Amino acid sequence: MNSSSSDPRALPPDALGPTIEPRTLGFATTESLEPLHEVIGQERALAALELGLSIRQGGYNIYASGVSGIDKKGLLRRLLEARARGEPTPDDWVYVYNFVEPDCPLALRLPGGHGSQLKQALERILDRLHHDLPEALKAKDFSAERDRLGRTFGKRGEQLFTELQDHARNLGLSVQRQPNGMLNIVPIKDGRAMTPEEFEQLDEAARAELQRRQEELGEHIVRVIAGQQELMRELHSAVEEIVRGFARRILDPSFAQTKHDFPSEPVNAWLDAVREHLIKNLDRLNDQQPQAENAPVRAEHRDRWLECRVNVVADHARTTGAPLLLELAPSYKNLFGTIEHDVNLLGRVTTDFTRVKAGSLLRASGGYLIIDMEDALTEALVWKQLKRVLRSGLLLTEAYDPLSLFTAGSLRPNPIPIDTKVVAVGSPELFFLLQEADHDFAELFKVHADFGAETTRDEKSHSEYARFIARQVHDERLRHFDAPAVAEIIRFGARRAEHRNKLSVDLDAVADLVREADHHARVEQAPLVRENHVRQALDHRIYRRERIAARIRELILEGMLRVALEGRIVGQLNGLPVLYVGDQGFGWPSRITASVGVGHEGVLNIDREARLTGKIFDKGMLILEGYLRHRYAANHPLALSASITFEQSYGWVEGDSASSAELYCLLSALAGTPLRQDVAVTGSVDQHGRVQVVGAINEKVEGFFDVCRLKGLSGSQGVCIPRGNMANLVLRHDVVQAVAAGLFHVWAVDTIDEGIELLTGISAGDLETHETFHYRVETRLQEILSRIEREPPRGTIVRAITTTSSSEHPSTPPRLPGDEAEKL
């Protein structure tokens with residue numbers, strides 16, 4: 001039976017998909033277009049993003065969900081770059097040695113870019129000290145001063161020795177200076193040294209007296225030696241003071257200039273401490289610490305001027321505007337920094353303030369940091385520490401190495417205040433889960449920038465799609481696209497959005513199609529990518545992914561899956577389940593059958609009894625019961641025994657998109673009126689008989705079309721869909737062409753009654769009008785009731801479920817016995 005062109009339910013070809021005229025795009029090829037660098041159609045999300053970025057107070061961090069396209073975090077980075085460039089550059093932060101508490105390195109704030117300048121200034125001071133002071137000590141004025149001191153202290157030393165000699169002479173003794181510097185006490189007799197023989201001739205009393213005088217002189221010698229040592233210390237101090245004086249002459253101008261260049265009070269106080277440290281430790285200039293060959297530098301050699309170094313942890317010398325960082329691996333160390341350590345050859349662990357390493361939170365302070373929230377949550381301790389830092393606004397860098405076998409002396413660097421705007425990227429589901437489960441999350445991420453999956457299809461979005469293609473062509477050095485090719489890709493965007501008046505903003509899929517179309521153009525050696533190349537890419541994509549769909553069609557063609565595509569049958573209709581393999585879905589016809597008998601068991605669904613159905617499907621069957629009650633049980637109870645199932649289907653089923661088809665089958669079995677087998681049906685139903693929209697409408701229509709084409713298009717075949725799904729139709733070109741040629745049809749209905757008239761060819765009517773469909777159903781129900789009138793009515797029991805599938809949920813393809821099931 002051919003569909004009449006005057007049938008208001010039949011959709012014309014132009015209702016089966018959007019028509020994009022290439023001439024309306026305003027260009028011949030993408031070569032003339034400015035590449036797109038902004039986001040397509042996300043006004044609401046961009047407004048939220050603007051709010052979060054504009055408020056610098058705590059808690060206004062941003063959670064961006066639903067971000068799609070090439071390089072999601074990179075997309076956000078491009079959105080933030082222009083804003084960051086126009087904002088002030090934040091201050092630098094450095095860690096320096098704490099001369100009061102060495103275990104607590106000082107954190108100093110400096111204007112942006114000045115941290116590295118301070119580091120260089122200190123290095124220049126040390127270089128000058130190393131070079132100029134030794135040269136100054138070689139100069140004549142230093143030698144003259146040193147010689148003068150030598151003479152002065154030499155005279156004082158000789159004076160001490162002269163006094164010693166005089167005292168010895170008074171005691172009848174003499175002090176002789178040996179070549180090795182030792183002093184000998186010699187007894188004197190008659191103005192000369194006493195000989196050993198003369199000493200032996202002395203009596204005991206004389207010897208005792210001599211011994212006493214020698215001891216007295218010995219005590220004086222000790223005092224003289226102490227005096228000489230004190231003179232040497234004074235000389236050494238005097239020389240050191242001269243050296244320090246020369247060092248001051250070298251250092252003071254440099255430190256004065258440095259303090260002038262860095263007028264911060266904390267910085268100047270530290271510079272004063274450094275100056276005093278250098279003056280007090282000039283002897284380090286003479287230290288010789290040869291480096292052991294092949295030994296690690298930091299493990300074997302300590303910087304002699306370590307206390308004077310500057311560790312720049314936040315350096316904005318090369319930053320224009322505010323910093324913008326994308327943290328690809330938000331681990332604890334990468335976000336919060338760490339304190340590194342060294343292990344020498346003996347296993348000794350050391351560290352110092354120069355080993356404090358900043359994380360991205362500190363380096364992005366005053367600007368923006370983009371992280372992946374899911375990655376941050378899965379990294380050990382990261383989420384807890386991130387909340388602590390964002391709440392307090394202070395970052396305390398700690399050593400973090402849980403797998404280390406060594407421990408080092410603990411450093412406690414001064415905490416640094418941070419002002420980092422965190423932009424976390426994640427799924428909408430994760431956002432709502434965190435908002436529900438973690439109170440801190442709601443306080444710290446007050447702004448939700450929810451990027452949608454689609455945008456309105458209009459002239460503006462057409463232009464943006466074209467410019468996106470131009471950008472990809474430029475970035476990846478592809479062939480340019482002509483206007484008809486771009487129009488075909490825009491149509492693909494509408495198909496991805498499942499709406500003729502929308503466009504998908506999932507630009508990953510668009511980018512893949514652009515590359516594949518370029519491939520086909522390159523194979524043909526075409527200078528431009530044209531419409532036929534885009535269609536080839538789409539067709540080849542379907543071919544690559546439809547192995548299972550092709551096998552199902554083969555089984556239908558071979559008769560192993562029984563499907564009727566012509567004639568009329570009572571209680572049987574073609575439903576349209578959908579199977580998703582990855583992101584590719586396809587539909588196929590599957591028989592729904594119903595049988596009715598005398599009884600009061602109600603409507604039994606075989607698949608539900610087999611526990612193969614989900615809750616949404618069960619709800620659909622309960623709604624079907626509600627329709628029967630609403631339509632036929634106003635004046636008498638319902639009494640029937642019926643069963644419904646999807647034949648040759650054995651997998652899990654979910655969704656209610658087959659409920660209208662099931663209802664048609666059940667009513668057909670009750671009325672004894674056959675249904676057209678050349679029409680497949682999809683759509684859910686409410687209790688009042690209104691047909692409701694379903695998903696995957698394009699896949700369902702195309703799936704039935706592919707089977708009909710394989711077995712031969714009769715001109716009467718087609719699909720009955722909910723009228724509400726008309727806006728979702730973006731069918732393949734071959735389906736549209738078949739409809740235009742009258743070889744295939746798509747009908748849209750609003751109510752069950754419209755579908756009944758399409759499927760049966762008779763008027764739906766009402767319960768009182770003879771020879772109408774509902775009159776036949778009512779008559780049959782009255783017959784059943786009269787035959788069991790002696791039994792108490794039990795109402796309608798709906799336990800029905802079929803093995804159909806909703807477009808929102810994957811279905812298992814039909815399973816056959818034996819080897820065929822394994823092959824499928």
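Which strands does helix 1 (residues 43-54) lie across, and at about what angle does it run to strand 17? In this predicted model, helix 1 lies across strand 1, strand 13 (368-372), strand 16 (421-426) and strand 17, and its direction makes an angle of about 150° with that of strand 17.

These four strands belong to an open sheet of five, whose order is 8-13-16-1-17 and whose pairing is parallel. Strand 8 (324-326) and strand 17 (447-450) stand at the edges, and because each has a single partner strand, one side of each is left without a neighbour in the sheet. From one strand to the next, the twist averages 20°.

The pairing can be followed from the edge formed by strand 8, which runs parallel to strand 13 and is joined to it by three bridges, with leucine 325 standing opposite leucine 369 of strand 13. Strand 13 is in turn joined to strand 16 by five bridges, again in parallel, and here tyrosine 368 has lysine 421 of strand 16 as its bridge partner. At the other edge, four bridges link strand 1 (residues 62-65) with strand 17, the two running parallel, and isoleucine 62 has valine 447 of strand 17 as its bridge partner.

Strand 13 deserves a second look. In a regular strand, side chains alternate between the two faces of the sheet. On one side of strand 13 are Tyr368, Ile370 and Asp372, on the other Leu369 and Ile371, and all of them are buried, so that both faces are covered. Since five of the five residues of strand 13 are buried, this strand is largely enclosed by the rest of the structure.

Note on methods:
Residues are numbered from 1 along each chain as its sequence is written. This is a predicted model: local features need pLDDT of at least 70, side-chain atom pairs count only at pLDDT 80 or more; totals for chains, interfaces and linings use all residues. Side-chain values use heavy atoms; hydrogens and water are left out. Two strands pair if DSSP finds at least two bridges between them. Axes are lines fitted to C-alpha atoms, for helices over the stretch in contact, and angles run from 0 to 180 degrees between N-to-C directions. Contact means heavy atoms within 4.5 Å. Buried means under 20% relative accessible area, exposed over 50%, partly exposed in between (1.4 Å probe, protein chains only).
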